[in-house]
Amino acid sequence: MVKAPFAAPDNGREWMWVEVTKWDDKEITGLLNNEPANIPTLHSGQIVKVKAADVFDYIRYDGKGNEEGNESGKLMAKQRPD
């Protein structure tokens with residue numbers, strides 16, 4: 001999965017996870033893996049396209065239960081009180 005920005009109606013951005021189904025040189029196609037909070041035209045499971053250059057983070061699963069990446073998740077976990 002990759003984390004990429006999507007334009008919100010308020011001219012902001014909402015960062016969401018996309019499950020990659022196709023990755024070309026400059027464009028990634030996949031399934032939106034979040035339910036957007038601020039973008040009513042998108043929904044979880046929808047096919048979306050993002051620019052590879054816009055990717056902020058990634059998660060790679062190795063099939064044995066191990067995970068690589070998800071740096072933004074690690075940062076968020078550090079900010080949570082115990």
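Let us start at Glu 14, which touches Ala 4, Pro 5, Phe 6, Glu 35, Pro 36, Ala 37, Asn 38 and Ile 39, leaving aside residues up to four places away in sequence. Keep in mind as you look around that this is a predicted model. Glu 14 sits in strand β2, which covers residues 13-23. This glutamate is buried and yet has no salt bridge. Where is the nearest side chain of opposite charge? That side chain belongs to Lys 3, and it is 10 Å away. A salt bridge needs the nitrogen and the carboxyl oxygen within 4 Å, so Lys 3 does not qualify as a partner. Glu 14 does have a polar neighbour, though: a polar atom of its side chain lies 2.9 Å from the backbone nitrogen of Asn 38. Asn 38 is also among the residues that Glu 14 touches.

A little earlier in the chain comes Asn 11, in the loop between β1 (2-7) and β2. Most residues other than glycine have a negative phi. Asn 11 has a positive one, near 70°. Is this residue buried or exposed? With a relative accessibility of 78%, Asn 11 counts as exposed.

Now move to the nonpolar core. In soluble globular proteins, nonpolar side chains tend to be buried together. Here the largest nonpolar core has 13 residues, and those touching the most other members are Phe 6, Met 16, Val 18, Leu 32, Ile 39, Leu 42 and Val 48. Which elements give two or more residues to this core? They are β1, β2, β3 and β4. The most comes from β1, with three residues. Val 48 is a good place to pause: not counting residues up to four places away in sequence, it touches Phe 6, Val 18, Ile 28, Thr 29, Gly 30, Leu 32 and Leu 42. Phe 6 and Ile 39, both named for the core, are also among the residues that Glu 14 touches.

Next, the aromatic rings. A pair of such rings is described by the distance of the centres and the angle of the planes. How many aromatic pairs does a search of the whole structure find? It finds one. Trp 15 and Phe 56 form this pair, with 5.3 Å from centre to centre and 55° between the planes, which makes it tilted. The pair links distant parts of the chain, 41 residues apart: Trp 15 is in strand β2, and Phe 56 is in the loop between β4 (47-51) and β5 (57-61). Trp 15 counts as partly exposed because its relative accessibility is 35%, while Phe 56 counts as exposed at 54%.

Finally, look at the charged side chains. Side chains of opposite charge can pair when their charged atoms come close. Three salt bridges are found in a search of the whole structure. In one of them, Lys 22 meets Asp 24 at 3.9 Å, N to O. Lys 22 is partly exposed at 47% relative accessibility, and Asp 24 is partly exposed at 37%. Another joins Glu 27 and Lys 49, at 3.9 Å from N to O. This pair links distant parts of the chain, with Glu 27 in strand β3 (residues 27-32) and Lys 49 in strand β4, 22 residues apart. Glu 27 is partly exposed, with a relative accessible area of 35%, whereas Lys 49 counts as exposed at 55%. There is also a salt bridge between Arg 60 and Glu 68, at 3.7 Å, N to O. Arg 60 is partly exposed at 46% relative accessibility, and Glu 68 is partly exposed at 37%.

Technical notes. Residues numbered from 1 in each chain as written. Predicted model: local features only at pLDDT ≥ 70, side-chain atom pairs only at ≥ 80, totals over all residues. Heavy atoms only, no water. Helix = DSSP H or I, 4+ residues; strand = E, 2+ residues; numbered from the N terminus. Buried < 20%, exposed > 50% of the residue type's maximum accessible area, 1.4 Å probe, protein only. Lys, Arg positive; Asp, Glu negative; His and termini not counted. Polar contact = N/O pair within 3.5 Å; in protein donor to acceptor, adjacent residues only side chain to side chain. Contact = heavy atoms within 4.5 Å. Phe/Tyr/Trp six-rings, centres within 6.5 Å; stacked < 30°, edge-to-face > 60°. Core = buried A, V, L, I, M, F, W, Y, C linked by side-chain atoms within 4.5 Å.
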